[in-house]
Amino acid sequence: MSGKRNTVSPEPADDRQEIARRLPAPADWDLTREQFLHHKDALLRHIDRDQATARPARRLLRPALVAPVTALALAGLVTAGITLNDEGHKPAPGASSRTAGDMQPASALLHRISDAAGKRAAPTVRDDQFSYVQEKVREADLSSGKAVVSPLHDFELWLAQDPGPVRTQGLIRTDGETARLNAELGDTNGTPAGFSRPTYVRLSSLPTDPDELLDYLYANTPRIKDRERDQAVFEQIGDLLDRVMPSRTAAALYRAAAKIPGVTEAPHAKDAIGRQGLGIARTDKENGIITEWVFNRKDYTYLGHRTRLTRDTSYAKGGTLLDSSALLHSAIVDEAGKLPDSSKG
């Protein structure tokens with residue numbers, strides 16, 4: 001996430017709908033999927049602020065995946081009059097990075113997941129290669145004022161591993177349509193590696209001591225007004241779980257997650273294609289959502305995620321799905337658009 005401010009002027013609702021209807025689908029996307037979610041979060045909270053009802057907060061960065069930006073989504077964002085609030089990189093007052101007393105079972109499970117992750121072989125990744133993620137996803141479209149959950153659909157993402165700023169980050173393919181992923185808005189010299197573009201080299205540089213890593217996450221996770229700080233850090237970790245990363249980094253992330261207050265087990269957690277497994281969850285009580293991570297019961301590999309409402313809102317009832325993913329493949333490939341050998345055919 002770049003942490004830049006964007007302020008735009010509102011237009012009448014009828015005009016927004018007409019603009020969205022007339023706009024063609026873009027050939028390229030200037031927002032990353034993660035940055036779009038950041039903008040969407042801010043927009044939803046802005047809409048509900050006058051009603052004193054918080055909209056759901058989405059994960060900041062994960063292929064956790066709402067579909068990439070469409071013309072309709074962009075039109076809604078561009079005309080809604082939002083102001084992003086990213087207040088720098090200091091931990092929120094009173095934010096804790098130590099284990100909460102109510103999460104011992106979840107802590108034990110995350111330590112087992114961490115141990116398994118730490119034993120996996122780490123790949124060799126060159127700077128000229130691309131990370132690849134293939135997922136099945138569902139998400140709720142809120143543009144009409146009511147949550148309309150999409151059918152299950154395909155999502156693929158290729159991200160450049162070049163450690164320097166890049167003008168073309170990679171490719172996105174959703175339901176068979178491929179588009180180039182440009183630098184983030186405002187990055188005239190290219191988008192650097194970071195949480196919005198987590199390269200293997202960047203992930204390798206993160207602290208591997210869980211306490212140091214969690215302190216780093218609290219200090220550097222982008223801020224959004226009204227978002228619980230603990231939830232933002234939990235979701236920031238979740239945004240990285242389907243990426244190819246060093247085994248020591250993955251192990252440290254899970255142990256850091258075990259120290260976030262409010263993290264619990266989720267015995268009924270399922271991913272987007274219905275695979276039930278070992279669940280880790282956290283509820284954002286301020287915004288009324290719960291985000292769950294799902295892991296394979298046998299080998300503790302990451303399967304996907306699910307985010308749901310925990311209470312009734314003006315746009316949906318409690319329990320409504322907001323977004324979900326099922327990870328099918330995560331690998332390193334030589335070219336954007338190329339599939340790993342094991343996923344061909």
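Guide: Strands here are DSSP runs of E with at least two residues, helices are runs of H or I with at least four, and both are numbered from the N terminus. Please keep in mind that this is a predicted model.

Visitor: Thanks, that helps. In which loop is the place of Ser-150?
Guide: Let's begin with the burial of this residue. Ser-150 has a relative accessible area of 15%, so it counts as buried, the cut-off being under 20%. As for its place, Ser-150 is in the loop between β3 and β4.

Visitor: How far apart are the C-alpha atoms of Ser-150 and Leu-321?
Guide: Along the chain, 171 residues separate Ser-150 and Leu-321. In space, the distance between their C-alpha atoms is 9.9 Å.

Visitor: Is Leu-152 buried or partly exposed?
Guide: Leu-152 is in the loop between β3 (148-149) and β4 (153-160). Its relative accessible area is 40%, and the class between buried (under 20%) and exposed (over 50%) has its own name. Leu-152 is therefore partly exposed.

Visitor: Which residues form a nonpolar patch on the surface?
Guide: A residue needs over 30% relative accessible area and no salt bridge to join a patch, and Leu-152 has 40%. Together the members of this patch have about 230 Å² of accessible area. They are Leu-152, Ile-273 and Leu-328.

Visitor: On to the pockets. How much space lies in the second largest pocket, and which residues are the closest to its centre?
Guide: About 550 Å³ of space lies in the second largest pocket. Of the 22 residues that line this pocket, the closest to its centre are Arg-120, Leu-241, Arg-243, Val-244 and Ser-330.

Visitor: Which element gives the largest share of the lining of the second largest pocket?
Guide: Two elements, α8 (247-257) and β11 (321-333), each supply at least two residues of the lining. The largest share is 6 residues, and it comes from β11.

Visitor: How many nonpolar residues does the lining of the second largest pocket have?
Guide: Sorting the lining by class gives 3 charged residues and 4 polar ones. The nonpolar residues number 15.

Visitor: Now the salt bridges, please. With which residue does Asp-115 form a salt bridge?
Guide: The closest N and O atoms of this pair are 2.6 Å apart, within the 4 Å cut-off. The pair links distant parts of the chain, with Asp-115 in helix α4 (residues 104-118) and its partner in helix α8, 140 residues apart. Asp-115 is partly exposed at 39% relative accessible area, and the partner is also partly exposed, at 24%. That partner is Arg-255.

Visitor: Is Asp-271 buried or partly exposed?
Guide: Asp-271 forms a salt bridge with Arg-275, with 2.4 Å between the closest N and O atoms. Arg-275 is partly exposed, with 27% relative accessible area. Asp-271 has a relative accessibility of 5%, so it counts as buried.

Visitor: How far apart are the closest N and O atoms of Glu-292 and Arg-308?
Guide: Glu-292 is buried, with a relative accessible area of 4%. The salt bridge between Glu-292 and Arg-308 has its closest N and O atoms apart by 2.7 Å.

Visitor: Which strands hold Glu-292 and Arg-308?
Guide: The two residues are 16 residues apart, and the pair links distant parts of the chain. Glu-292 is in strand β9 (residues 289-295), and Arg-308 is in strand β10 (residues 302-309).

Visitor: By how much are the C-alpha atoms of Leu-322 and Arg-308 separated?
Guide: Leu-322 lies in strand β11 and counts as buried at 6% relative accessibility. Along the chain, Leu-322 and Arg-308 are 14 residues apart. Their C-alpha atoms are separated by 5.3 Å.

Visitor: Which residues are linked in a network of salt bridges?
Guide: The count of salt bridges comes to 12. Linked in a network are Arg-126, Asp-128 and Asp-334.

Visitor: Last topic, the backbone. What is the phi of Asp-175?
Guide: Most residues other than glycine have a negative phi. Asp-175 is in the loop between β5 (168-174) and β6 (177-182), and it counts as partly exposed at 49% relative accessibility. Although it is not a glycine, Asp-175 has a positive phi of about 50°.

Visitor: And what value is the phi of Tyr-300 near?
Guide: Tyr-300 lies in the loop between β9 and β10. This residue is partly exposed, with 21% relative accessible area. Its phi is positive in a residue other than glycine, near 65°.

Methods
Residues numbered from 1 in each chain as written. Predicted model: local features only at pLDDT ≥ 70, side-chain atom pairs only at ≥ 80, totals over all residues. Heavy atoms only, no water. Patch = residues over 30% accessible without salt bridge, like charges linked within 9 Å, V, L, I, M, F, W, Y side chains within 5 Å. Areas by Shrake-Rupley, 256 points an atom, 1.4 Å probe, with all protein chains shown as cover. Salt bridge = Lys/Arg side-chain N within 4 Å of Asp/Glu carboxyl O. Buried < 20%, exposed > 50% of the residue type's maximum accessible area, 1.4 Å probe, protein only. 1 Å grid on protein atoms, 1.4 Å probe; cavity = no way out; pocket = protein on both sides within 12 Å on 5 of 7 lines; lining within 4 Å. Points joined across faces, edges and corners; volume = space filled by probe spheres on them. Nonpolar A, V, L, I, M, F, W, Y, C, P; charged D, E, K, R; others polar.
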